[in-house]
Amino acid sequence: MSVLFSMFIYIIQIILPFMGILIIGCCFKSLFSNLSFKHPLIALINKTTGEKIPIVYWENSIGRDKHCDIVVNSPTASRDHAVLYRRDEGWFISDTNSKGGVFLNGSPISSDEKVYINDIIQIGGINYELRKSDVFNDEPEKNSLKNSYNKFYAGGSILAMVSMFQALCTVQMCFAGSSFDYRPITIFAFLFGISWISFIVSKYIIRRSNFELETLGIFLSGIGIMNAVGADIKSTYTQIICLGIGIIFFEIILAFIKDPDMAMKFRPYIAVVAVLLLAVNLVFGKVKNGSQNWVMLGPFSFQPSELVKVAFVFFGSSTLKGIQTTKNLTLFILFSAACMGALFLMGDFGTACIFFVTFILIAFMRSGSIRTVVLTCAAAVIGAGFILKFKPYIVTRFSAWRHVWEHINDTGYQQTRVLTYSASGGLLGLGIGKGALKYVFAAPSDLVFGMLCEEWGVIMGVLIILSIAVLGIYARSASIRSRSAFYSIASCCGAGMLVFQMMLNVFGVVDILPLTGVTLPFISLGGSSLISVWGILAFIKASDERTYAIKR
């Protein structure tokens, strides 16, 4: 290779991290810029006091409790009395098992009732009139959904940058070895095709108004796929297929939960399927890397627990009226116990930890009770104590934690290599495919963060961590404006699951936490994990008001 061409490859190596910063920056700038201030959709007028109450959410809790969106100052009102919510068909009022009932235009309601402008809703003996938002002397629906989406559609331009980034990675990979390797070009062709087909389908067939989250997912998934080329080219092709399946899974979930009330009806069936998947895993699962979490289908294998993650978030989420009419979390607690119990029996402690943290998030968002969280954590500590007492061999799996340099050639072998090789990459990395960590077992899966730092550089490794962390912040911000509590809970808890999983992976390989063998979302080699992550991404997407704003 000539000196001039070597300089060209090195320039690409310098450009890649900064292109990555630009791509991720553009994605999040577009996402956060669309989280504009919520203008009132409608208003309630207290007929006694004349107070004007703006309604800015699609689902609004009504009751005596100070945490309700609409507080009714009446001793005859229940703490959680009713829910006023919006659907495509209009506005509805639902009585959530209140003591005094809800009256619409003087008549008691027995089920969800549609309400219209100028209707009178009586709660706790107080009459409220439903009015248009123009009572606040604003332009009706100013900066509404339809108007706020008439912006320049930047999704295609950001995706073009992603394709350019992948093309530069391909050039670098083709010349990573002693001779030219054409196989990375095939990988790039598949990635390019999947990316642009999904964009065209989303924009012109589904007619969705935004593509930032999908672009971010394609960008991160592409990095994971290209990172694995030098280590395991055959598995890389499988990973590309799983990326395509993951994007299809993403679209199926978005279509399935478009109507949150309809989705709620399927929650019990989803839970049953999830438990059956884990049961199949317990009966037919194969032990691999110390965990019985693999099911073999001929030459292929998959992890049912990865798909159960999606079901877990789905079952734990609920519409606001579903939360208020359900006074406890008994069913969800039983479902969670079944899932985590099965995972412990499989020896998959990393995934069990992810489920537990997600359970805490869902329990808090549904109940708002710190006491519930504290009691749950206490029960978990007691349960962990019993497990360690009756299965003491589990402790030996984590004996090297914080002492990996004392076990450099046995239980600390992987982490010591990660720490050594990742440090050698510096800020810009050695170049894609030129690292040595790829020869260590599980490098492109469990140890992938070390590979990123060694071959892509510390800048790129930190950038990927920040992108997943900021995704969690975005999910929290978008959830406040989402159409339903179902979307809010699913979005926050799904993003929390991804962030905690990222922390377990990254902190595990650098010996801050015990190495549990969980994957780095989007990046690690593993088809089941990639499909699952795209399923979780669908919940975050659903919380964005723009997702369902355009009529199809």
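# Cores, rings and helices in a predicted chain

Of the 92 residues in the largest nonpolar core, Phe165 and Ile257 touch the most other members. A nonpolar core is a set of buried Ala, Val, Leu, Ile, Met, Phe, Trp, Tyr and Cys residues joined through side-chain atoms within 4.5 Å. Buried means under 20% relative accessible area, exposed means over 50%, and partly exposed lies in between (1.4 Å probe, protein chains only).

This is a predicted model: local features need pLDDT of at least 70, side-chain atom pairs count only at pLDDT 80 or more, and totals for chains, interfaces and linings use all residues. Residues are numbered from 1 along each chain as its sequence is written, and side-chain values use heavy atoms, with hydrogens and water left out.

**The chain as a whole**

- The chain has 19 helices and 14 strands. Both are DSSP runs numbered from the N terminus: helices are H or I with at least four residues, strands are E with at least two.
- The chain has 552 residues, and 53% of them are buried.
- About 24,400 Å² of the chain is exposed, and carbon and sulfur atoms supply 66% of that area. Accessible areas come from the Shrake-Rupley method with a 1.4 Å probe; for residues, only the protein chains shown count as cover.
- Take contacts between residues at least 6 apart in sequence: 67% of them join residues at least 24 apart. Contact means heavy atoms within 4.5 Å.

**The cores**

- In soluble globular proteins, nonpolar side chains tend to be buried together.
- Helix H18 gives the largest core its largest share, 12 residues.
- Not counting residues up to four places away in sequence, Phe165 touches Leu16, Met19, Gly20, Ile23, Phe219, Ile223, Trp456 and Met460.
- Another core lies apart from this one. This other core has 29 residues, including Val83, Ala274, Ala311 and Phe359.

**Aromatic rings**

- A pair of aromatic rings is described by the distance of the centres and the angle of the planes.
- Rings of Phe, Tyr and Trp (its six-membered ring) pair if their centres lie within 6.5 Å; planes under 30 degrees apart count as stacked, over 60 as edge-to-face and the rest as tilted.
- By this rule there are 25 aromatic pairs.
- Phe188 and Phe192 have ring centres 5.9 Å apart and planes at 45°, so this pair is tilted. The two residues are four apart in helix H4 (residues 183-205), so about one helical turn separates them. Phe192 is partly exposed, with a relative accessible area of 36%.
- Phe522 and Trp534 form an edge-to-face pair, with 6.3 Å between centres and 80° between planes. Phe522 is in the loop between helix H18 (485-509) and helix H19 (527-542), while Trp534 is in helix H19, 12 residues apart. Phe522 is buried at 4% relative accessible area, and Trp534 is buried at 0%.
- One aromatic cluster is formed by Phe256, Phe266, Tyr269, Phe314, Phe486, Tyr487 and Tyr548.

**Charges over rings**

- A charge sits over a ring if NZ of Lys or CZ of Arg is within 6 Å of the ring centre and within 35 degrees of the ring normal.
- The charged end of Arg267 sits over the ring of Phe315, 4.8 Å from its centre.
- Arg483 has its charged end over the ring of Trp58, 5.1 Å from its centre.

**Helices H16 and H17**

- Helix H16 (residues 448-456) is mostly covered, with nine of its nine residues buried. Among them are Cys453, Glu454, Glu455 and Trp456.
- Gly457 follows H16 and has a positive phi, near 105°.
- Helix H17 (residues 458-479) has 22 residues and should span 32 Å at 1.5 Å a residue; its end C-alpha atoms are 32 Å apart, which agrees. The expected span is 1.5 Å times one less than the number of residues.
- Buried residues of H17 include Met460, Leu463, Ile464 and Tyr474.

**Three buried residues**

- Ser221 is in helix H5 (residues 212-229) and is buried at 1% relative accessible area. Leaving aside neighbours within four places in sequence, Ser221 contacts Leu243, Phe522, Leu530 and Trp534.
- Met340 is in helix H11 (residues 330-346) and is buried at 13%. Leaving aside neighbours within four places, Met340 contacts Ala352, Phe355, Phe356 and Phe359.
- Asn505 lies in helix H18 and is buried at 2%. Its contacts, leaving aside neighbours within four places in sequence, include Ser445, Asp446, Phe449 and Ser524.
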